[in-house]
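Please consider the model below, with attention to how one helix is packed and how one sheet is arranged.

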Amino acid sequence: MAAAGETQIYAKVSNKLKGRSTPSLLDPLLAMGFPAHTALKALAATGRKTVEEASDWLNCHCNDPSLDDPIPQEYALFLCPTGPLLEKLQEFWRESKRQCAKNRAHEVFPHVTLCDFFTCEDQKVECLYEALKRAGDRILGSFPATVPLVLHSSISYLGFFIDDSPADVIREFAMLFATEASVLADCTVKPCTKQLHLTLAHKFYPHHQRTLEQLAKAVHPGHSCQWTAALYSRDMRFVHYQTLRALFQYKPQNVDELMLSPGDYIFVDPTQQEEASEGWVIGISQRTGCQGFLPENYTERVSESDTWVKHRTYTFSLAMDLNSRRDGEAGGRRNGEFRPPPMSRSISSLQDLQATIVRRSVLVVRHGERVDQVFGKSWLQQCSTPDGKYYRPDLNFPCSLPRRSSGIKDFENDPPLSSCGIFQSRITGNALLDSGVSITSVFTSPALRCVQTAKHILEELKLEKRIKIRVEPGIFEWTKWETGKTTPTLMNLEELKEANFNVNTDYRSPLWACASVKKIKRKGSGSW
């Protein structure tokens with residue numbers, strides 16, 4: 001009775017699938033006697049490829065205690081390279097792991113992330129495939145023939161950045177997919193709107209940086225490549241678990257042990273191993289969903305992404321081979337891959353406009369810790385000799401002070417960063433580098449602490465020589481800290497340049513022009 005009622009509940013899903021160009025995968029599973037909700041769960045877990053794969057999954061999971069739990073898969077969309085570029089990237093993966101040990105980049109295949117992981121109900125997964133196809137078809141005409149890759153390197157990151165209008169087109173595709181997924185599958189998808197990047201190495205030992213950079217030179221961005229958008233899923237329960245792969249077969253000797261077959265993936269929670277004896281771990285089999293003890297030396301450590309399931313792909317190609325599509329409908333699917341329909345040479349003016357729009361944003365950064373906030377208003381007296389020379393009485397004082405034409409006394413109202421402030425600035429720059437943000441211009445207050453903060457951030461971004469700091473007096477909020485006092489004497493551009501600050505001496509603030517007009521007005525009428 002319950003099975004009959006459940007079949008009625010999912011009748012709409014079955015009928016909807018019947019109306020598609022591909023035959024329903026759900027009907028044969030229902031005919032085998034599997035409940036609809038577990039049949040849909042199996043299809044989602046296997047990528048909705050064949051009835052055989054789904055039925056095998058259900059038979060293996062017959063003793064899975066979580067089989068009836070309404071836990072959906074998590075999905076994500078990636079832009080993946082293929083062809084010669086992928087081969088070079090895979091060669092870099094192997095050599096970097098051999099020469100410099102494993103780093104975070106080895107945990108996932110070469111890719112550009114297009115959206116964060118999101119959940120989708122099992123009965124709506126096929127709607128995600130339609131969302132991918134629609135988004136791909138809409139952006140195909142403006143997708144760049146070549147995707148420019150620019151190598152960026154820092155002490156903890158190495159990878160290619162995608163800049164300019166090609167990046168905007170790719171972001172547009174991600175946003176279109178997010179919109180279509182929301183409408184068709186009722187999913188909340190967060191598309192990537194930050195700097196697009198293809199990571200080569202991440203969180204590696206600093207002394208390996210030069211070796212990795214040398215290896216990266218073999219990956220020439222000019223290698224031919226056909227880019228493919230790939231939709232993957234993973235089991236959200238095991239994201240923070242360790243992943244093991246069985247190397248040998250193991251037959252349980254006790255009822256609380258797991259059976260292992262070569263190639264089985266096992267998820268292990270490192271925080272739940274109190275009951276395991278030395279050399280043994282407690283894990284959950286991906287193949288069966290069952291939990292038990294297993295000998296750890298029968299397994300090897302692998303990446304969690306090895307267990308991800310590829311669902312569908314969309315290949316971007318403006319040079320279509322029409323002969324390969326004779327037996328398929330334009331825009332149809334073959335082996336889980338959406339082939340885009342042929343596009344005319346004419347692209348709508350709207351698409352041209354969207355491809356040329358450059359999205360810009362302003363990143364506002366507060367300066368690091370200043371010495372007077374730590375050591376008080378008399379900080380200068382604590383670090384200066386009677387003859388006006390600077391010395392370092394505490395490790396949180398800076399190592400040295402830049403030279404000023406009027407001497408050390410002007411630092412009193414224009415204090416520098418403390419040692420902690422310098423450290424804060426550097427880790428901010430490092431975090432910006434890891435986030436993939438692209439910096440094109442830098443404006444800073446003329447206060448020394450702000451110029452120092454900008455300098456250290458640019459150094460961590462490896463941009464200190466490429467980008468000159470523009471000193472803008474209009475963003476100096478000195479009155480908040482110096483109410484009732486005289487205007488601080490700030491370092492001029494020549495002094496900053498002499499102190500090795502890469503400032504733009506050609507930049508002139510609009511406020512300077514206003515100040516000149518103001519002087520003339522004062523002299524003429526006195527009404528200012």
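In this predicted model, the buried residues of α6 pack against three elements: β5 (157-162), β6 (196-202) and α9 (209-216). The residues of α6 that are buried, with under 20% relative accessible area, are Leu85, Leu89, Phe92, Trp93, Ser96 and Cys100. Viewed down the axis of α6, these buried residues fall within an arc of 105°, and they therefore line one face of the helix. The face of α6 turned away from this buried side carries Glu87, Arg94 and Arg98, which are exposed.

The helix itself comprises 18 residues, 83-100. From the first C-alpha of α6 to the last, the span is 25 Å, close to the 26 Å expected at 1.5 Å a residue. Cys100, at the end of this range, belongs to the buried set. Alanine 101 follows α6 and has a positive phi, near 70°.

A second part of the model to examine is an open sheet of 5 strands, in which the pairing is antiparallel. The strand order is β11-β10-β9-β8-β12. At the edges of this sheet stand β11 (291-295) and β12 (299-302), each of which pairs on one side only. Neighbouring strands of the sheet are turned against each other by 45° on average, direction ignored.

Within this sheet, the pairing of β9 with β10 can be followed at the level of residues. Strand β9 covers residues 265-268 and strand β10 covers residues 280-285; the two pair in the antiparallel sense over 3 bridges. Opposite valine 268 stands glycine 283 in β10.

How values were computed. Residues are numbered from 1 along each chain as its sequence is written. This is a predicted model: local features need pLDDT of at least 70, side-chain atom pairs count only at pLDDT 80 or more; totals for chains, interfaces and linings use all residues. Side-chain values use heavy atoms; hydrogens and water are left out. Helices (H or I, at least four residues) and strands (E, at least two) are DSSP runs, numbered from the N terminus. The expected span of a helix is 1.5 Å times one less than its number of residues. Buried means under 20% relative accessible area, exposed over 50%, partly exposed in between (1.4 Å probe, protein chains only). The arc is that of the directions from the helix axis to the C-beta atoms. Contact means heavy atoms within 4.5 Å. Two strands pair if DSSP finds at least two bridges between them. Axes are lines fitted to C-alpha atoms, for helices over the stretch in contact, and angles run from 0 to 180 degrees between N-to-C directions.
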